[in-house]
Amino acid sequence: MVTPNPSPVILSQDELKKIAAYKAVEFVESGMVLGLGTGSTAKHAIDRIAELLRIGQLKNIVGIPTSSITHEQAVSLGIPLSDLNAHPILDLAIDGADEVDPQLNLVKGRGGSLLREKMVEAASKKFIVIVDESKLVSHLGGTGLAMPVEIVPFCWEFTLRRLEMLFIEAGCVGKLRVVGESGEPYVSDNGNYIIDLYFKSDMGDLKETSDAILRLAGVVEHGMFLDMATTVIVGGKLGVFVTNK
């Protein structure tokens, strides 16, 4: 009698994120100060850290949250928290990303927490990025989805137009991020607005692009995280892949 081959297990996108998140938590050691990311993938990592604290496999962890949502999650799970004032250097940060290019540059901030994420992750000795394979791109902006820029609310339309003009050759279109059907502007944890930039073509040299955006008065921060990730963990249908800088 021939035994039929079992059907391959098809994992959902969320299950792939969870696999990558759990792999990242293997890098966490007792006594560490940890940057706790924001978003659906980072949420799995925070859940796992709390579980290991609960069963005693991890001890003396201090978390630095990157958003009010992450702060609420960590408090509800009993993870001790602090901030960058008390801990200006972190051992490790774990967070997701919206896009990852072959050089491990990232687009982050489609969840709206880019400023605090960048502050915490820039202060970390190691920054582990966890994604499913749908987030891998040949170049940043390659998905045609948003590249977020956090701006002050004052004269936001003026700032939006200036951002579009910077990248007119790349066919850049900027849109104010709004909430639901009300059309009210999305407001970040820092009281700022977010402009989502959409590029029709490659945005060019990333460092030059970064500098040009940050030189505009009214811009607070952008969602390109360049040369920051030290490790990227990808959950894919063929397994988990770890790439180090």
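Two residues are in contact when they have heavy atoms within 4.5 Å of each other. Keep that in mind for the exercises below, and remember that the structure you're looking at is a predicted model.

**Exercise 1. Two domains and where they meet**

Work out how the protein chain is divided into domains, and describe how domain 1 and domain 2 touch.

*Solution.*

Step 1: Find the pieces. Domain 1 covers 2–136 + 227–244, while domain 2 covers 147–220.

Step 2: Place them. Taken over C-alpha atoms, the centres of domain 1 and domain 2 are 26 Å apart.

Step 3: Look at who touches whom. On the domain 1 side, 14 residues are in contact with 12 residues of domain 2.

Step 4: Check the area. About 960 Å² is buried between domain 1 and domain 2, and carbon and sulfur atoms give 49% of this area.

Step 5: Go through the links. Between the two domains there are six residue pairs in polar contact, counting pairs with both residues at pLDDT 80 or more. Helix α4 (residues 114–122) gives the most to the side of domain 1 that touches domain 2, namely three residues. Sorted by class, that side of domain 1 has three nonpolar, six polar and five charged residues.

Step 6: Finish with charge. One salt bridge is found across the interface of domain 1 and domain 2.

**Exercise 2. One aspartate, two partners**

Which side chains meet Asp227 in salt bridges, and is Asp227 buried, partly exposed or exposed?

*Solution.*

Step 1: Start with Lys207. Its side chain meets that of Asp227 in a salt bridge, with 2.7 Å from N to O.

Step 2: Move on to Lys245. Here too the side chains form a salt bridge with Asp227, this time at 3.7 Å from N to O. The pair links distant parts of the chain, 18 residues apart: Lys245 sits in the segment after β15 (239–244), and Asp227 in the loop between β13 (224–225) and β14 (231–236).

Step 3: Sort by accessibility. Lys245 counts as exposed because its relative accessibility is 54%, and the cut-off for exposed is over 50%. Asp227 has a relative accessible area of 46%, so it is partly exposed.

Step 4: Look at the backbone. Most residues other than glycine have a negative phi. Asp227 has a phi near 55°, a positive value in a residue other than glycine.

**Exercise 3. Another positive phi**

Where is Leu104 found, and is Leu104 buried or exposed?

*Solution.*

Step 1: Find the spot. Leu104 is in the loop between β4 (99–100) and β5 (106–107).

Step 2: Check the backbone angle. The phi of Leu104 is near 70°, which is positive in a residue other than glycine.

Step 3: Compare with the cut-off. Buried means under 20% relative accessible area. Leu104 has 7% relative accessibility, so it counts as buried.

**Exercise 4. The neighbourhood of Asp132**

Why does Asp132 count as buried, and which side chains does Asp132 join in polar contacts?

*Solution.*

Step 1: Locate the residue. Asp132 belongs to strand β6 (residues 124–132).

Step 2: Give the reason. Asp132 counts as buried because its relative accessibility is 3%.

Step 3: List the neighbours. Leaving out residues up to four places away in sequence, Asp132 touches Gln13, Leu16, Lys17, Val234 and Gly235.

Step 4: Pick out the polar contacts. The side chains of Asp132 and Gln13 are joined by one of 3.3 Å. Another, of 2.5 Å, joins the side chains of Asp132 and Ser134.

**Exercise 5. Salt bridges across the structure**

How many salt bridges are in the whole structure, and how are Lys43 and Asp47 placed in helix α2?

*Solution.*

Step 1: Get the total. Searching the whole structure turns up 13 salt bridges.

Step 2: Take Lys43 and Asp47. Their side chains meet in a salt bridge at 3.6 Å, N to O. Both residues lie in helix α2 (residues 40–54), four residues apart, about one turn of the helix. Lys43 counts as partly exposed at 44% relative accessibility, and Asp47 counts as partly exposed at 27%.

Step 3: Take Glu26 and Lys23. This salt bridge has 3.2 Å from N to O. Glu26 is exposed, with 57% relative accessibility, whereas Lys23 is partly exposed, with 29%.

Step 4: Look for a network. Salt bridges link Asp95, Lys108 and Glu117.

Terms used:
Residues numbered from 1 in each chain as written. Heavy atoms only, no water. Domains from an automatic or database assignment. Buried area = accessible area lost by both parts, 1.4 Å probe. Salt bridge = Lys/Arg side-chain N within 4 Å of Asp/Glu carboxyl O. Polar contact = N/O pair within 3.5 Å; in protein donor to acceptor, adjacent residues only side chain to side chain. Helix = DSSP H or I, 4+ residues; strand = E, 2+ residues; numbered from the N terminus. Nonpolar A, V, L, I, M, F, W, Y, C, P; charged D, E, K, R; others polar. Buried < 20%, exposed > 50% of the residue type's maximum accessible area, 1.4 Å probe, protein only.
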